[in-house]
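Here is a quick tour of one structure, taken in two stops: a pocket and some charged contacts. Have the model open while you read.

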Amino acid sequence: MDSLETEIRQKVIEALNLEDFDPETISRGTVLFKGGLGLDSIDAIELVIMIEKEFGIVLSVAERNQTVFKDFGSLCDFIRLNINREKPVRQAVLDFPPTSP
């Protein structure tokens, strides 16, 4: 078993409070939604947050799709391919007008 997949599996279980699932039963082909793990739209948001927090990957709106979240294997592949990508620069909220120190 791949160590990154093992890490992702554990983080998914923790982030979504799936303690009832045996990590060994979650395979690359395990469907995330509609059967399989039975995740819902709130779980999808939690997954996006977990991916950003744990792996530093900020998903674009276009990446939040059925291809990435089809099954556990596609999620792992996405994280593996993007774990070292450059992070987008977030614009800071400016204190405007500037205040005096």
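## Pocket and salt bridges

Sort the residues lining the largest pocket by character and you get three nonpolar, two polar and two charged. Bear in mind that this is a predicted model. The lining is made up of Val31, Phe33, Lys34, Asn65, Gln66, Phe69 and Lys70. Going by side-chain class, Val31, Phe33 and Phe69 are the nonpolar ones, Asn65 and Gln66 are polar, and Lys34 and Lys70 are charged. As for room inside, the largest pocket holds about 160 Å³ of space.

Now for the charged contacts. The model has five salt bridges, counting a Lys or Arg side-chain nitrogen within 4 Å of an Asp or Glu carboxyl oxygen. Here are three of them, with the N to O distance for each.

| Basic residue | Acidic residue | N to O distance |
|---|---|---|
| Arg80 | Asp2 | 2.9 Å |
| Arg28 | Glu5 | 2.5 Å |
| Arg28 | Asp77 | 2.8 Å |

What does the bridge between Arg80 and Asp2 tie together? Arg80 sits in helix H3, residues 72–82, while Asp2 belongs to the segment before helix H1 (3–15), so the pair connects parts that are 78 residues apart in sequence. Both partners are partly exposed: Arg80 has a relative accessible area of 35%, and Asp2 comes in at 30%.

Arg28 turns up in two rows of the table, paired with Glu5 and with Asp77. Take the Glu5 contact to begin with. Arg28 is in the loop between H1 and helix H2 (41–55), and Glu5 is in helix H1, so this bridge ties together parts 23 residues apart in sequence. Is Glu5 buried or exposed? Glu5 is buried, at a relative accessible area of 8%, which falls under the 20% cut-off. Arg28, on the other hand, is partly exposed at 36%.

Then there is the contact with Asp77. That residue lies in helix H3, so its bridge to Arg28, back in the loop between H1 and H2, links parts that are 49 residues apart in sequence. Asp77 is partly exposed too, with a relative accessible area of 32%.

Put these contacts together and you have a network: Asp2, Glu5, Arg28, Asp77 and Arg80 are linked by salt bridges. If you want to trace the network on screen, Arg28 is a handy place to begin, given its bridges to Glu5 and Asp77. From there, look for Arg80 in helix H3 and its partner Asp2 in the segment before helix H1.

Conventions
Residues are numbered from 1 along each chain as its sequence is written. This is a predicted model: local features need pLDDT of at least 70, side-chain atom pairs count only at pLDDT 80 or more; totals for chains, interfaces and linings use all residues. Side-chain values use heavy atoms; hydrogens and water are left out. On a 1 Å grid over the protein atoms alone, a cavity is a set of points where a 1.4 Å probe fits but cannot get out, and a pocket is an open set with protein on both sides within 12 Å along at least five of seven lines; lining residues have an atom within 4 Å of a point. Grid points are joined across faces, edges and corners, and a volume is the space filled by probe spheres set on the points. Helices (H or I, at least four residues) and strands (E, at least two) are DSSP runs, numbered from the N terminus. Buried means under 20% relative accessible area, exposed over 50%, partly exposed in between (1.4 Å probe, protein chains only).
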